[in-house]
Amino acid sequence: PLAHVMERLIFCVGITFGVAYGFYSGNARNMVDDAKILRPTCMCGVPKIYHRIYEAINDNIEKLPYIKKKLVQKAIDTKLFNLKQRGTVTHAFWDKVVFGKMRDILGGRIKFLLTGSAPLDPKMLDFLRICFSATIFEGYGQTESMAGMILTYATENTAGHLGGPGWANEIKLLDHPDLGYTSKDVDPDTGIPTPRGEILLRGPTLFKRYFCNPEATKEAYDKDGWFHSGDVAQVLTNHGNALKIIDRVKNMFKLSQGEYIAPEKLENVLVASKFVNQICILGNSLESYLVAILVPRHDTLIEYFKTKGKEVTKENILDYYDDPELVKDILKDLETIGRAHDFKGFEIIKKLYMCKEPFSVDNDLLAPTLKNKRHNIQKRYKKEIDALYGR
């Protein structure tokens with residue numbers, strides 16, 4: 001979105017070097033169709049956009065006849081193997097036979113992609129790399145740091161991290177022993193040191209102050225001039241000291257059993273569910289389990305009810321949101337995905353409310369960066385959340 005600091009930075013840098021820009025129509029659901037018209041050579045976006053592209057490609061693969069599907073899977077497996085072993089994203093044979101059509105989804109001219117704002121699933125990132133035969137940069141930054149502070153190399157062939165610090169600024173990690181994050185942390189399986197802590201930033205690209213808010217500015221910086229980001233990172237000492245975001249200090253909360261929950265981390269995983277369009281995970285220190293406000297995908301629900309022998313359309317689909325069997329199956333799907341990503345028992349969603357109104361900037365449930373405004377969502381759906389907790 002244009003309000004996002006990364007978009008502003010990329011745009012300013014681009015026009016400085018004479019880059020031609022195309023703007024999408026304004027509806028994220030039409031992003032793929034817009035790209036076919038614009039035929040970009042480079043594109044930047046938040047993970048949700050790449051998730052839609054990933055789904056569009058996989059939907060097309062699923063519709064293929066059995067033999068063609070096997071051929072495509074062979075091509076994908078071959079290129080993924082080459083990516084891991086040699087760091088290459090091209091293949092003389094398979095690019096002509098299979099991946100040319102996939103590249104056409106974004107117009108056929110993509111050379112590199114840039115993603116930020118939230119973690120992108122490593123499996124998805126590698127898949128997009130080999131599909132478009134393109135470099136994908138994954139970075140980290142904040143509005144307060146004028147976007148990019150950390151960025152992966154162009155030659156990177158391992159997903160799941162953000163690379164290392166940029167050129168102008170300093171980065172260090174601050175221990176949070178109350179959350180279990182310290183510089184002395186070690187991987188329990190391998191014994192490899194994995195220092196963890198809150199990311200602190202310092203340097204010339206950081207902001208000077210919050211507008212008309214000296215109290216917030218004072219809280220953001222410590223006496224040595226370090227800006228406290230609120231994000232928790234882990235140092236991958238076995239991969240060139242690259243950084244990996246693992247939690248968010250400012251959005252964490254406790255459950256009644258004393259366990260800390262990082263909802264953003266869970267949401268970034270569960271958005272992979274075929275049922276999920278948007279999801280906001282909630283809980284508090286008086287309760288022992290998590291609940292969720294979920295905006296479902298209508299196309300998936302229509303297909304779901306078709307398998308149940310029910311005629312459901314876009315016009316009457318809201319009438320079926322409270323179907324107990326549907327809610328049960330969605331919770332089961334979320335649990336399956338969570339378990340596959342090593343969620344602990346207390347991180348599994350136990351109850352959910354099917355929300356009929358999508359989160360958006362207009363209704364003040366999404367920030368301009370397309371992140372959940374958790375407090376606003378919690379306030380708007382207080383009655384429904386209380387019902388989930390039996391209050």
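# Exercises on a predicted model

Strand 8 (residues 227-236) is mostly covered, with ten of its ten residues buried. The structure is a predicted model. The exercises below start from this strand and then turn to other parts of the chain.

## Exercise 1: Strand 8 and its partners

Task: Find which strands pair with strand 8, in which sense, and over how many bridges.

Solution.

Step 1. Begin with strand 9 (residues 242-248). Strand 8 and strand 9 pair in the antiparallel sense, and six bridges hold the pairing.

Step 2. Locate single partners in this pairing. Alanine 233 has isoleucine 245 in strand 9 as its bridge partner, and valine 235 stands opposite leucine 243 in strand 9.

Step 3. Look at the turn. Strand 8 and strand 9 form a hairpin with five residues between the strands, where glycine 240 takes a positive phi near 65°.

Step 4. Go to strand 7 (196-202). Strand 7 is joined to strand 8 by five bridges, and the two run antiparallel. In this pairing arginine 196 stands opposite glutamine 234 of strand 8.

Step 5. Compare the cover. Strand 9 is also mostly covered, with five of its seven residues buried, while in strand 8 the count is ten of ten.

A general point belongs here: strands of a sheet pair through backbone hydrogen bonds, either parallel or antiparallel.

## Exercise 2: The five-stranded sheet

Task: Give the strand order of the open sheet of five strands, and state which strands stand at its edges.

Solution.

Step 1. The order is 1-2-3-4-5, and the pairing is mixed.

Step 2. Strand 1 (42-45) and strand 5 are the edge strands; each has a single partner strand, so one side of each is left without a neighbour in the sheet.

Step 3. Follow the pairing of strand 3 (residues 135-142) with strand 4 (residues 147-151): the two run antiparallel and are joined by four bridges. Glycine 141 stands opposite glycine 148 in strand 4, and glycine 139 stands opposite leucine 151 in strand 4.

Step 4. Inspect the turn between them. The hairpin of strand 3 and strand 4 has four residues between the strands, and methionine 146 in the turn has a positive phi of about 55°.

Step 5. Continue to strand 5 (residues 164-165), which runs antiparallel to strand 4 and is joined to strand 4 by two bridges. Here leucine 151 stands opposite glycine 164.

## Exercise 3: Two loop residues

Task: Decide whether alanine 168 and proline 188 are buried, partly exposed or exposed.

Solution.

Step 1. Place alanine 168: this residue lies in the loop between strand 5 and strand 6 (170-174).

Step 2. Apply the cut-offs: buried is under 20% relative accessible area, and exposed is over 50%. Alanine 168 has 44% relative accessibility and therefore counts as partly exposed.

Step 3. List what alanine 168 touches. Leaving aside neighbours within four places in sequence, the contacts are Gly203, Pro204 and Thr205.

Step 4. Place proline 188 in the loop between strand 6 and strand 7. The relative accessible area of proline 188 is 77%, so this residue is exposed.

Step 5. Check two distances between C-alpha atoms. Alanine 168 and alanine 233 are 65 residues apart in sequence and 20 Å apart in space. Proline 188 and leucine 125 are 63 residues apart along the chain and separated by 27 Å.

## Exercise 4: The nonpolar cores

Task: Name the residues that touch the most other members of the largest nonpolar core, and the helix that gives the most to this core.

Solution.

Step 1. The largest nonpolar core has 35 residues, of which Ile53, Ile57, Phe99, Leu128 and Phe132 touch the most other members.

Step 2. The elements that give two or more residues to this core are helix 2 (31-38), helix 3 (47-62), helix 4 (66-86), helix 5 (94-103) and helix 6 (122-132). Helix 6 gives the most, with seven residues.

Step 3. Take isoleucine 57 as a case. Not counting residues up to four places away in sequence, isoleucine 57 touches Met102, Ile105, Phe127, Leu128, Cys131 and Phe132.

Step 4. Another core, of 32 residues, lies apart from the largest one; among its members are Ala292, Val312, Ile337 and Leu352.

## Exercise 5: A helix pair

Task: Describe how helix 9 (residues 298-307) and helix 10 (residues 324-340) pack.

Solution.

Step 1. The axes are 12 Å apart, at an angle of about 115°, and the crossing is right-handed.

Step 2. Helix 9 makes the contact with Leu301, Tyr304 and Phe305, and helix 10 with Glu325, Leu326 and Asp329.

Step 3. Sorted by class, the contact has four nonpolar, no polar and two charged residues.

Terms used: Residues are numbered from 1 along each chain as its sequence is written. This is a predicted model: local features need pLDDT of at least 70, side-chain atom pairs count only at pLDDT 80 or more; totals for chains, interfaces and linings use all residues. Side-chain values use heavy atoms; hydrogens and water are left out. Two strands pair if DSSP finds at least two bridges between them. A nonpolar core is a set of buried Ala, Val, Leu, Ile, Met, Phe, Trp, Tyr and Cys residues joined through side-chain atoms within 4.5 Å. Buried means under 20% relative accessible area, exposed over 50%, partly exposed in between (1.4 Å probe, protein chains only). Contact means heavy atoms within 4.5 Å. Axes are lines fitted to C-alpha atoms, for helices over the stretch in contact, and angles run from 0 to 180 degrees between N-to-C directions. A crossing is left-handed if the near helix is turned anticlockwise from the far one by less than a right angle, and right-handed if clockwise. Ala, Val, Leu, Ile, Met, Phe, Trp, Tyr, Cys and Pro count as nonpolar, Asp, Glu, Lys and Arg as charged, and the others, Gly among them, as polar.
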